[in-house]
Amino acid sequence: MDTKVIKISSAMAAVEKVARSEIKTDDDKLLVAGALMAVTRNLYIETLGPEDTAHVFASVVASFDFMNQLIDQYKPTIH
């Protein structure tokens, strides 16, 4: 398990470095993010197939929705 975590961490650092080097303006951020999503989708499809890839992306969307619900429910307050 440790080698997988190290691989993920290493890949994230390398990919983020390259992605950030492509960003010259604020508008570039979404364009580069879109490119990263497309590459990610393609890698998942190659590895898992389209149906399982759709489940992975649906899970990501569900996690965003869940986090938004938590934020809405437990808005931080300053006392």
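How many residues does α1 have, and how far does α1 reach from its first C-alpha to its last? The legends below take this predicted model one close-up at a time, starting with that helix.

**View 1. Helix α1, from end to end.** Here is the reply to the opening question: α1 has 21 residues and reaches 31 Å from its first C-alpha to its last. That is close to the 30 Å expected at 1.5 Å a residue. Look at its surroundings too: of the 21 residues of α1, the number buried is 1, so the helix lies largely in the open.

**View 2. Where α1 meets α2.** A handy idea before you look: two packed helices are described by the angle between their axes and the distance between the axes. Helix α1 (residues 2-22) packs against α2 at an angle of about 140 degrees, and their axes are 9 Å apart. The two helices are therefore oblique to each other, as the angle is neither over 145 degrees nor in the range of 65 to 115. Their crossing is right-handed. On the α1 side you can find Val15, Ala19 and Glu22, which meet Asp28, Val32 and Leu36 in α2. Sorted by class, this contact has 4 nonpolar, no polar and 2 charged residues.

**View 3. Helix α2 and the residue just after it.** Try the length check again on α2 (residues 26-48): at 1.5 Å a residue, its 23 residues should span 33 Å. The end C-alpha atoms of α2 are 33 Å apart, which agrees. Just after α2 comes Gly49, with a positive phi of about 95 degrees.

**View 4. Where α2 crosses α3.** The axes of α2 and α3 come within 7 Å and cross at roughly 135 degrees. That angle makes α2 oblique to α3. The crossing of α2 with α3 is right-handed. From α2, the contact is made by Met37, Thr40, Arg41, Tyr44, Ile45 and Leu48. Their partners in α3 are Pro50, Asp52, Thr53, Val56 and Phe57. By class, the contact has 7 nonpolar, 2 polar and 2 charged residues.

**View 5. A closer look at Thr53.** Is Thr53, a residue of helix α3, buried or exposed? Thr53 has a relative accessible area of 4%, and buried means under 20%, so Thr53 is buried. Leaving aside neighbours within four places in sequence, Thr53 is in contact with Arg41, Tyr44, Ile45 and Leu48. You have met these four residues already, on the α2 side of the contact in View 4.

Conventions
Residues are numbered from 1 along each chain as its sequence is written. This is a predicted model: local features need pLDDT of at least 70, side-chain atom pairs count only at pLDDT 80 or more; totals for chains, interfaces and linings use all residues. Side-chain values use heavy atoms; hydrogens and water are left out. Buried means under 20% relative accessible area, exposed over 50%, partly exposed in between (1.4 Å probe, protein chains only). Contact means heavy atoms within 4.5 Å. The expected span of a helix is 1.5 Å times one less than its number of residues. Axes are lines fitted to C-alpha atoms, for helices over the stretch in contact, and angles run from 0 to 180 degrees between N-to-C directions. Angles under 35 degrees count as roughly parallel, over 145 as roughly antiparallel, 65 to 115 as roughly perpendicular and the rest as oblique. A crossing is left-handed if the near helix is turned anticlockwise from the far one by less than a right angle, and right-handed if clockwise. Ala, Val, Leu, Ile, Met, Phe, Trp, Tyr, Cys and Pro count as nonpolar, Asp, Glu, Lys and Arg as charged, and the others, Gly among them, as polar.
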